[in-house]
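Could you walk me through this structure in my viewer, one selection at a time? I would like to know what to click on next and what I will find there.

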Amino acid sequence: MRRYILLFLFSILYIFPFYYMILVALRPEVLSFSMNILPKNLTLENFERIFKYHSFGRYFLNSLIVSFSGAFFSTLFAFLCAYAFAKEDFPLKNFLYNIFVSTLLVPGILFMIPQFLIVVYLGWLNTFWGLVVPHLANVFGFIFLTEYIKKIPDDLIHSALIDGASKFLIIFKIIFPLSLPMLLTIFLLSFQFHWNNFLWQLLVTTKSNMFTIPVGLASLSSMYQEYYGAKMSGATLSILPIVILFLIFQRYFIQGIIRGGLKF
């Protein structure tokens, strides 16, 4: 019984911030700091404000483009590199693999300055290229997939080669379906990273038509006032894609985490 009481209390602890965010989003701006946690005087004026005065629809579309393209291509590149390192032989393979692993020990913030200088040099400020390309190298996903693909029996590949299958067919007809839970896990984690990324997107965008949701929400203020209700309404809408994706791919996500943990 105590276990269920603790679970209930922890559930309330995790759910309450989301409840309060939605409550503030549905309140009039003047009641944003009201201590009453019961839903009263609910209105949609904050949602109307972010679409009518702050181009939230544009921020949402930009975030979808950046997150989906970033997650798709980083997962694809990680998968192809992982196959090469797991199933092919080439010079310096182990040395290069150790180099990739060692980059995980370097804080990501240290890459930001050289990446920013490269983006400026290429003229990619305020472009989707500048928002997406610098984060396409997903080393964590590459290592995660490499260790998983190594466990796929080589006999499957040898049988396919004897039957005349090309490398392309082996990768996308045999390895890809067997790695699908892991690929969806990497895709979801990468999508979430791009969706929530704030600092990089703030650095490379100066025009409001290129703002993503995190940067757009930070700009929802004037010289004299912070629009907390509008920010909470934007934050409420911003969690919807993550929740929908997780609900759709929940089964594969859990399988991917379990299989990845077991393989390591």
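Here is a short tour of the cores, the pockets and a few single residues. Keep in mind throughout that this is a predicted model.

**Stop 1: the largest nonpolar core**

Begin by selecting Phe79, Tyr83, Phe142, Leu145, Ile149, Ile170 and Ile175, the residues with the most contacts inside the largest nonpolar core, which has 23 residues. Next, colour the helices α3 (56-87), α7 (139-150), α8 (154-162), α9 (167-178) and α10 (180-196), since each of them supplies at least two residues of this core. Which helix gives the most to this core? That is α7, with seven residues.

Now centre the view on Leu145. Setting aside residues up to four places away in sequence, Leu145 touches Ala78, Phe79, Ala82, Met182, Leu183 and Ile186. Show those side chains as sticks and you can follow the contacts one by one.

**Stop 2: another core**

Apart from the largest core lies another one, made of 22 residues. To find this other core, select Met21, Phe191, Ala230 and Ala235, which are among its members.

**Stop 3: the largest pocket**

Switch on a surface for this part. Rolling a probe the size of a water molecule over the atoms shows where empty space is left. The largest pocket holds about 630 Å³ of space. It is lined by 20 residues, and those closest to its centre are His135, Ala137, Asn138, Val139 and Phe193, so select these five to bring the pocket into view.

Three helices, α5, α7 and α10, each supply at least two residues of the lining of the largest pocket. Of the elements, α10 gives the most to this lining, with five residues. If you colour the lining by class, you will find twelve nonpolar, eight polar and no charged residues.

**Stop 4: the second largest pocket**

The second largest pocket contains about 260 Å³ of space. Select Phe72, Thr75, Phe176, Leu183 and Phe187, which are the closest to its centre of the 13 residues that line it. You have met Leu183 before, as a contact of Leu145.

Two or more residues of the lining of the second largest pocket come from each of α3, α9, α10 and α14 (240-263). The largest share, five residues, is given by α3. What classes make up the lining of the second largest pocket? Here you will find twelve nonpolar residues, one polar residue and no charged residues.

**Stop 5: a lysine in a helix**

Go to Lys231, in helix α13 (residues 228-238). Is Lys231 buried or exposed? Lys231 is buried, because its relative accessible area is 18%, under the 20% cut-off. Leaving out its neighbours within four places in sequence, display Leu217, Ala218, Leu220 and Glu226, with which Lys231 is in contact.

**Stop 6: two asparagines in loops**

Finish with Asn41 and then Asn126. Asn41 sits in the loop between α1 (2-25) and α2 (45-52), and its phi is near 55°, a positive value in a residue other than glycine. Asn126 belongs to the loop between α5 (112-121) and α6 (128-132). Its phi is also positive, about 60°, although Asn126 is not a glycine.

Which of the two is buried, and which is exposed? Asn41 counts as exposed because its relative accessibility is 53%, over the 50% cut-off. Asn126 counts as buried because its relative accessibility is 17%, under the 20% cut-off.

Conventions. Residues numbered from 1 in each chain as written. Predicted model: local features only at pLDDT ≥ 70, side-chain atom pairs only at ≥ 80, totals over all residues. Heavy atoms only, no water. Helix = DSSP H or I, 4+ residues; strand = E, 2+ residues; numbered from the N terminus. Buried < 20%, exposed > 50% of the residue type's maximum accessible area, 1.4 Å probe, protein only. Core = buried A, V, L, I, M, F, W, Y, C linked by side-chain atoms within 4.5 Å. Contact = heavy atoms within 4.5 Å. 1 Å grid on protein atoms, 1.4 Å probe; cavity = no way out; pocket = protein on both sides within 12 Å on 5 of 7 lines; lining within 4 Å. Points joined across faces, edges and corners; volume = space filled by probe spheres on them. Nonpolar A, V, L, I, M, F, W, Y, C, P; charged D, E, K, R; others polar.
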